[in-house]
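Trainee: Could we go through this model and check the labels people put on it? I'd like to see each word held up against its cut-off.

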Amino acid sequence: MTIEFEERAVAFIDILGFSVLVNNAELDSSVLSKLNSLIDLLTSVIPFLDSGVNRDVPSHLIPTHTYISDSIILSAPLHDEEMTSYDGLSIIVMRCIQLTHHFLKAGYLVRGGISIGNVWHTPSNIVGPAYQKAYQIEKDGSIPSIVLSDTAKDHWRNHSFGSRMCIQNDGITMVNGLHDYYIPNNTSHGVTEQRFESYESLADDSINSELPDSAKDKWLWFKEYLNAEKSEAMQWASAESIS
């Protein structure tokens, strides 16, 4: 098989708390059951999301995905000659938001990086500087967010047209993982509010648990972000109802 680089948007996403779960699963059957549930989610969530893609979308534009332990790697072509309105970075950002909601529902925070550039990606392997950059952003991260590289940030600014799928936070451009539009079944009355309430309860339980301080700090950051996003989402909803 010959490596052929292509300009793609790439995301490296890590599930936080996985290592502790694995270590404790050796000694506690209830933790082992929780680990099994997480592995099931890791292996099923992308195929589930792919099944909802419109059949008219060309298969090569549906993000390629690879699993490594507790990490998910996604990539998509940055541009497409036949679909001029297509933007691969927007597709990857959307997938990251969807994944954030699915893993939060299961009780897990995520952290990651997104970059754009040359990469070769198959279902079993990925090679290229864009992947290495996305991986390094995740490894250097300290807060549970998916952060855009400088090149991805510039691309987003030029193509997003004011979208709230990415936001600014303390000087970084990050995926708005709590974007309410991508909450599953959000068209049903009260679903968004209920989901945000469940996230808040999850954060409170984690903060008041026996987790290490480093893990609690991540949940404290998340709760502050959650409160800000709830307020922002309500403002947008009010503005749309008036218009």
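Mentor: Sure, starting with Arg111, which sits in strand β4, residues 110-122 (strands are DSSP runs of E of at least two residues, helices runs of H or I of at least four, both numbered from the N terminus). Keep in mind that this is a predicted model, where local features need pLDDT of at least 70 and side-chain atom pairs count only at pLDDT 80 or more, while totals for chains, interfaces and linings use all residues. Residues are numbered from 1 along each chain as its sequence is written, and side-chain values use heavy atoms, with hydrogens and water left out.

Trainee: Why is Arg111 called buried?

Mentor: Its relative accessibility is 13%, and buried means under 20% relative accessible area, with exposed over 50% and partly exposed in between (1.4 Å probe, protein chains only). So Arg111 counts as buried.

Trainee: What does the side chain of Arg111 reach?

Mentor: The backbone oxygen of Gly141, at 3.4 Å. A polar contact is a pair of N or O atoms within 3.5 Å; within protein, one must be able to donate a hydrogen and the other to accept it, and residues adjacent in sequence count only if both atoms are side-chain atoms.

Trainee: Which residues does Arg111 touch?

Mentor: Not counting residues up to four places away in sequence, the list includes Phe12, Asp14, Glu138, Pro144 and Lys218 (contact means heavy atoms within 4.5 Å).

Trainee: On to the helices. What makes α1 oblique to α2?

Mentor: Helix α1 (residues 18-25) and helix α2 (residues 29-51) pack at about 135 degrees, with axes 8 Å apart. That angle makes α1 oblique to α2: under 35 degrees is roughly parallel, over 145 roughly antiparallel, 65 to 115 roughly perpendicular, and the rest oblique. The axes are lines fitted to C-alpha atoms, for helices over the stretch in contact, and angles run from 0 to 180 degrees between N-to-C directions.

Trainee: Is the crossing of α1 and α2 left-handed or right-handed?

Mentor: Left-handed, a term used if the near helix is turned anticlockwise from the far one by less than a right angle; clockwise gives right-handed. Among the residues that meet are Phe18, Leu21 and Val22 in α1, and Leu35, Leu38 and Ile39 in α2. The contact divides into nine nonpolar, one polar and one charged residue (Ala, Val, Leu, Ile, Met, Phe, Trp, Tyr, Cys and Pro count as nonpolar, Asp, Glu, Lys and Arg as charged, the others, Gly among them, as polar).

Trainee: How do you know that α2 and α3 are oblique too?

Mentor: α2 and helix α3 (residues 88-105) pack at about 140 degrees, axes 11 Å apart, and are therefore oblique to each other. α2 passes α3 in a right-handed crossing. The contact includes Leu41, Val45 and Leu49 of α2 and Arg95, Leu99 and Phe103 of α3. By class it has nine nonpolar, two polar and two charged residues.

Trainee: And what makes α3 roughly perpendicular to α5?

Mentor: The axes of α3 and helix α5 (residues 150-159) cross at roughly 105 degrees and come within 10 Å. That crossing angle makes α3 roughly perpendicular to α5. Leu89, Ser90 and Val93 in α3 meet Ala152, His155 and Trp156 in α5, a contact with four nonpolar, two polar and no charged residues.

Trainee: Is His155 buried or exposed?

Mentor: Buried, because its relative accessible area is 8%. It touches Leu78, His79, Asp87, Leu89 and Ile116, leaving out residues up to four places away in sequence.

Trainee: Why is Gly107 called partly exposed, then?

Mentor: Its relative accessible area is 25%, so Gly107 falls in the in-between class. Gly107 is in the loop between α3 and β4 and touches Leu202 and Trp219, again without residues up to four places away.

Trainee: What stands out about the phi of Ser69?

Mentor: Phi is near 55 degrees, positive in a residue other than glycine. Most residues other than glycine have a negative phi. Ser69 lies in the loop between β2 (64-68) and β3 (71-77), and at 52% relative accessible area Ser69 is exposed.

Trainee: Where does Asp170 lie?

Mentor: In the loop between β7 (166-169) and β8 (172-175). Asp170 has a positive phi of about 50 degrees although it is not a glycine, and with 75% relative accessibility Asp170 counts as exposed.
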